[in-house]
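Here is a short briefing on selected local features. Read it alongside the sequence and the coordinates.

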Amino acid sequence: MGLGNLPSRVQLIDVGPRDGLQNEKQAVPAATKIELVQRLQDAGLTEIEVTSFVSPKWVPQMADNAEVMGGIARRPGVRYSVLTPNLQGYEAAAKTRPDEIVVFGAASEAFSQKNINCSIAESIERFRPVVQAALAAGIAVRGAISCTVGCPYEGEIAPARVELVARLMCEIGVQRVDVADTIGVGTPLKVQRALEAALKHYDVDRVSGHFHDTYGQALSNTLAALQLGVWNFQSSVAGLGGCPYAKGATGNVATEDVVYMLQGMGVETGIDLDRLVDAGQFISQVLGRASQSRVARALLSKRQG
Ligand code: HMG
Ligand code: MG
């Protein structure tokens with residue numbers, strides 16, 4: 001028995017420079033972030049979430065957003081995205097010429113308040129002019145939906161909440177959505193229910209999975225998403241990541257682990273695993289700790305004989 005009809009190709013968005021480094025206590029210099037982006041594209045990543053244009057009071061780690069966007073050596077065929085929570089963020093971001101902006105909302109009211117200081121309904125009204133402005137400028141628009149399975153403040157989240165936010169995002173013109181398990185509490189069937197809720201408003205090419213790995217479920221959840229035909233995922237080199245406003249959230253699923261699993265199943269990603277491991281090693285050394293990726297650790301110890 002096989003695993004069903006899995007997609008033959010997967011598109012990964014590495015969110016390490018953004019989701020990863022937003023959560024680090026130590027300051028990471030802009031030059032290091034720029035080198036990380038370079039190493040990711042050298043490894044074959046064609047979508048990279050570079051930074052976010054949020055309040056530096058809320059997330060000081062991303063205060064160098066314009067410097068980082070200005071410093072990256074853009075490669076044709078690579079899509080560089082940035083987070084924009086409101087028009088102020090969008091206007092600053094637009095000057096740095098992102099290919100895609102990401103508005104980010106939540107399926108949980110409490111998390112919406114904690115993370116972006118407004119209700120779900122208010123967030124949609126904030127996003128509306130951002131989406132309009134981006135589309136008018138020829139910039140693609142993605143929407144992240146946080147806490148689609150569980151919330152650190154509200155507990156379990158019903159799929160109907162995810163469906164509601166997906167519908168609202170669709171109505172204001174968001175072109176594709178990320179179904180995020182922000183605190184990594186999801187298990188495969190729950191994650192499938194959350195994805196199916198988004199799939200009521202977006203076709204399968206426009207829904208992606210964004211799984212944090214707090215409970216070690218993210219690879220299983222990725223496989224469960226693949227079984228629904230979902231083929232776009234966010235992941236983070238070296239398993240970096242977390243959200244400062246989601247207590248208990250740890251890193252995203254490591255890009256190295258996802259690539260290893262996909263390669264083993266014959267699913268194409270276009271990514272060179274060895275170079276990706278090098279990129280992960282680079283940032284792990286800067287941060288002074290071992291990579292969260294078990295695949296990276298295993299391959300590194302094999303290299304050392
Ligand atoms: P607010 O305080 O309600 O905003 O924050 P405000 O409009 O009342 O403005 C207050 C001050 O913030 C003003 O400055 C504004 O200029 C400034 P002051 O006059 O006090 O000096 N401000 C800004 N500065 C820079 N860029 C901006 C901006 N907007 C206002 N864009 C706000 C609202 C959304 C700005 C704030 O709550 C915020 O920055 N939140 C960001 C939180 C965040 O970045 N979280 C992590 C990313 S989301 C995530 O990780 C989840 C994801 O990975 C998916 C998943 O895993 O779930 C995507
Ligand atoms: Mg995240």
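Cys-147 sits in the loop that joins strand 5 (140-146) to strand 6 (150-151). The model is predicted. In it, the phi of Cys-147 is near 55°, a positive value in a residue other than glycine. Most residues other than glycine have a negative phi.

**Loop residues with positive phi**
- Cys-147 counts as buried because its relative accessibility is 0%, below the 20% cut-off.
- Ala-238 is not a glycine either, yet its phi is positive, at about 65°.
- The loop that holds Ala-238 runs between strand 10 (232-235) and helix 10 (255-264).
- Ala-238 has a relative accessibility of 2%, so it counts as buried.
- Gly-44, just after helix 2, also takes a positive phi, of about 105°.

**Ser-108 and its contacts**
- Ser-108 lies in the loop between strand 4 (100-106) and helix 5 (109-116).
- Is Ser-108 buried or exposed? Ser-108 is buried, because its relative accessible area is 0%.
- Leaving aside residues up to four places away in sequence, Ser-108 touches Ile-120, Ser-146, Cys-147, Cys-151, Glu-154 and Ile-157.
- Cys-147, the loop residue with positive phi, is thus one of the residues that Ser-108 touches.

**Helix 6 against helix 7**
- Two packed helices are described by the angle between their axes and the distance between the axes.
- Helix 6 (residues 120-136) packs on helix 7 (residues 159-171) at an angle of about 20°, and the axes are 10 Å apart.
- Helix 6 is therefore roughly parallel to helix 7, since angles under 35 degrees count as roughly parallel.
- The two helices, 6 and 7, make a right-handed crossing.
- Helix 6 contributes Ile-120, Ile-124 and Phe-127 to the contact. Helix 7 contributes Arg-161, Val-165, Leu-168 and Met-169.
- By class, this contact of helix 6 with helix 7 has 6 nonpolar residues, 1 charged residue and no polar ones.
- Ile-120 belongs to that helix contact, and Ile-120 is also touched by Ser-108.

**Helix 2 and helix 11**
- Helix 2 (30-42) has 13 residues and spans 18 Å from first C-alpha to last, close to the 18 Å expected at 1.5 Å a residue.
- Which residues of helix 2 are buried? They are Ala-30, Thr-32, Lys-33, Leu-36, Val-37, Leu-40 and Gln-41.
- The partners of these buried residues are strand 1 (11-14), helix 1 (16-20), strand 2 (47-52), helix 3 (65-71), strand 3 (79-83) and helix 11.
- Helix 11 (residues 273-287) has 15 residues and reaches 21 Å from first C-alpha to last, close to the 21 Å expected at 1.5 Å a residue.
- Buried in helix 11 are Leu-273, Leu-276, Val-277, Ala-279, Gly-280, Phe-282, Ile-283, Ser-284 and Leu-287.
- What do the buried residues of helix 11 pack against? They pack against helix 2, helix 10 and helix 12 (294-303).

**Val-78**
- Val-78 is placed in the loop between helix 3 and strand 3.
- Val-78 counts as buried because its relative accessibility is 10%.
- Val-78 and Thr-46 are 32 residues apart in sequence, but their C-alpha atoms are 4.3 Å apart in space.
- Val-78 touches Gln-41, Leu-45, Thr-46, Ile-48 and Asp-99, not counting residues up to four places away in sequence.
- Gln-41, one of the residues touched by Val-78, is among the buried residues of helix 2.

Methods. Residues numbered from 1 in each chain as written. Chains lettered and ligands numbered in written order. Predicted model: local features only at pLDDT ≥ 70, side-chain atom pairs only at ≥ 80, totals over all residues. Heavy atoms only, no water. Axes fitted to C-alpha atoms, helices over the stretch in contact; angles between N-to-C directions. Helix = DSSP H or I, 4+ residues; strand = E, 2+ residues; numbered from the N terminus. Parallel < 35°, antiparallel > 145°, perpendicular 65-115°, else oblique. Left-handed = near helix turned anticlockwise from the far one by under 90°. Contact = heavy atoms within 4.5 Å. Nonpolar A, V, L, I, M, F, W, Y, C, P; charged D, E, K, R; others polar. Buried < 20%, exposed > 50% of the residue type's maximum accessible area, 1.4 Å probe, protein only. Expected span 1.5 Å × (residues − 1).
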